[in-house]
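Could you walk me through this model in my viewer? I would like to know what to select at each stop and what is there.

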Amino acid sequence: MESVWNKTAVLPQFESLQGDTRTDVLIIGGGITGILCAYFLQQRGIDYLLVEGEEICHGVTGNTTAKITAQHGLIYAKMIRRAGLEKTKLYLEANQRAVQKYAELTSGISCDFAEKTAYVYSPDDRRKLEKEAEAYRKLGLDDEIADCGELPFPVVGAVRMTKQAQFHPLKFLSEMAKGLKIYEHTFVTQLMPGKAVTRQGDISYERVIFASHYPIDNKHGYYFMKLYQHRSYVIALEEAAQIGGMYVNENKKGMSLRSHGNLLLLGGGGHRTGKKGGNWQELRDFARAYYPDAVEKYHWAAQDCMSLDEAPYIGSYSPSMPGCYVATGFRKWGMTTAMVSAMVLADLLEGIENPYKTIFAPDRNMFTSQLLFNSAEAVFNMLTPTVPRCPHLGCALKWNKAERSWDCPCHGSRFAQDGRLLDNPANGDKQM
């Protein structure tokens, strides 16, 4: 099970740490967020070091659908109601700047970058689209509801956002990572104030960025309550009709679609990690119904950290951890949000006031129904008297039949049958 990105890109390799060292800024995590942070810090002359427990882009980054867009579902009408028009404009502006930054950085890099129009479609609820279109108008965007004639199934329309993009993420990151100060196979086993412990040596640091997908520190910031993780699935089809836009269903259980070369990427079948869902079977059933002549070439799965509202957590890790920063809770829009994170964090580390700091602040008010649900889910699974249990905070693991893994419904850690760690926040393998 490998994505088309992993199968068609060659990433640079880096040595592991050998002995103790020091740095001004330690970046933990070698996915797209960590690499972009390292790139911007190097551009600004800030001393840094990036450590990755396995190989760069080994985890979530290699399993994306690689859409670069500020259109993150039908969020803008809700965000205006919750946060107000001015903060919503800042959110949109930050993500549009990220799209533009990708256009700049991909110039001269052969990574299949292409400008596209993004669409959120609905099969049956035009009223939702009309509300979002009205929000677009308030934000200064095109408020026209478009049809989706190139889709092979009926819809009532879509809101669209022009001048968005798609690309091959690993071809892009293969070039971006060259020349950066990176240690691979350097797993942080313990983090203390000013020092990170690895099996190969200790790293002394002044400041640290947690770019590890799910934050690895449990004692501060309450991220174990503010986040949950979600699985989603992708199949890549040959001999399927190509589409010009990037599409996502407004219903969380719907399908997303985009083309890549001669492939059609179909995503969906998602569920909360540790719960049951449609997985690849749902996608294959959909493909048989609407693309009966298509042939499956690749299939893969992704895992996403979900925040309590529509925005990620980017900024100071916790008031009780000075000098520590985090980027997480990307809610399935990791390509654009990784760029936003790197731009915001680079400013904060250089002492520059960033205009988007407050809308992404991890310590913003988070009392929502989702917070209560996350807490109840954790308590229930901690009290469930079954084995095996997750070494992160002791929740009962659930067997994922489709992917043949043990998954934690509390915080999303995943383990192979032999106990090997697949996804954090657990900080090591599980004895099975």
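Start by selecting strand S12, residues 246-249. S12 provides three residues to the lining of the largest cavity, the largest share of that lining. Keep in mind as you look around that this is a predicted model.

Next, add strand S4, residues 114-122, to your selection: S4 and S12 each supply at least two residues of the cavity lining.

Now show the whole lining as sticks. Which residues line the largest cavity? Pick these:

- Lys 67, Thr 69 and Gln 71
- Ala 118 and Tyr 119
- Met 246, Tyr 247 and Val 248
- Trp 333

Try colouring them by class: you will have six nonpolar, two polar and one charged residues. The space they surround has a volume of about 40 Å³. A search of the whole structure turns up one cavity of 30 Å³ or more.

For the second part of the tour, move to a pair of helices. Select H3, residues 76-83, and H4, residues 85-105. How do their axes cross? They come within 7 Å of each other, at an angle of roughly 135°, which makes H3 oblique to H4.

Finally, show the side chains where the two helices meet. On the H3 side, select Tyr 76, Met 79, Ile 80 and Ala 83. Their partners on the H4 side are Leu 85, Lys 87, Thr 88, Tyr 91 and Leu 92. Colour this contact by class too, and you will find seven nonpolar, one polar and one charged residues.

Notes. Residues are numbered from 1 along each chain as its sequence is written. This is a predicted model: local features need pLDDT of at least 70, side-chain atom pairs count only at pLDDT 80 or more; totals for chains, interfaces and linings use all residues. Side-chain values use heavy atoms; hydrogens and water are left out. On a 1 Å grid over the protein atoms alone, a cavity is a set of points where a 1.4 Å probe fits but cannot get out, and a pocket is an open set with protein on both sides within 12 Å along at least five of seven lines; lining residues have an atom within 4 Å of a point. Grid points are joined across faces, edges and corners, and a volume is the space filled by probe spheres set on the points. Helices (H or I, at least four residues) and strands (E, at least two) are DSSP runs, numbered from the N terminus. Ala, Val, Leu, Ile, Met, Phe, Trp, Tyr, Cys and Pro count as nonpolar, Asp, Glu, Lys and Arg as charged, and the others, Gly among them, as polar. Axes are lines fitted to C-alpha atoms, for helices over the stretch in contact, and angles run from 0 to 180 degrees between N-to-C directions. Angles under 35 degrees count as roughly parallel, over 145 as roughly antiparallel, 65 to 115 as roughly perpendicular and the rest as oblique. Contact means heavy atoms within 4.5 Å.
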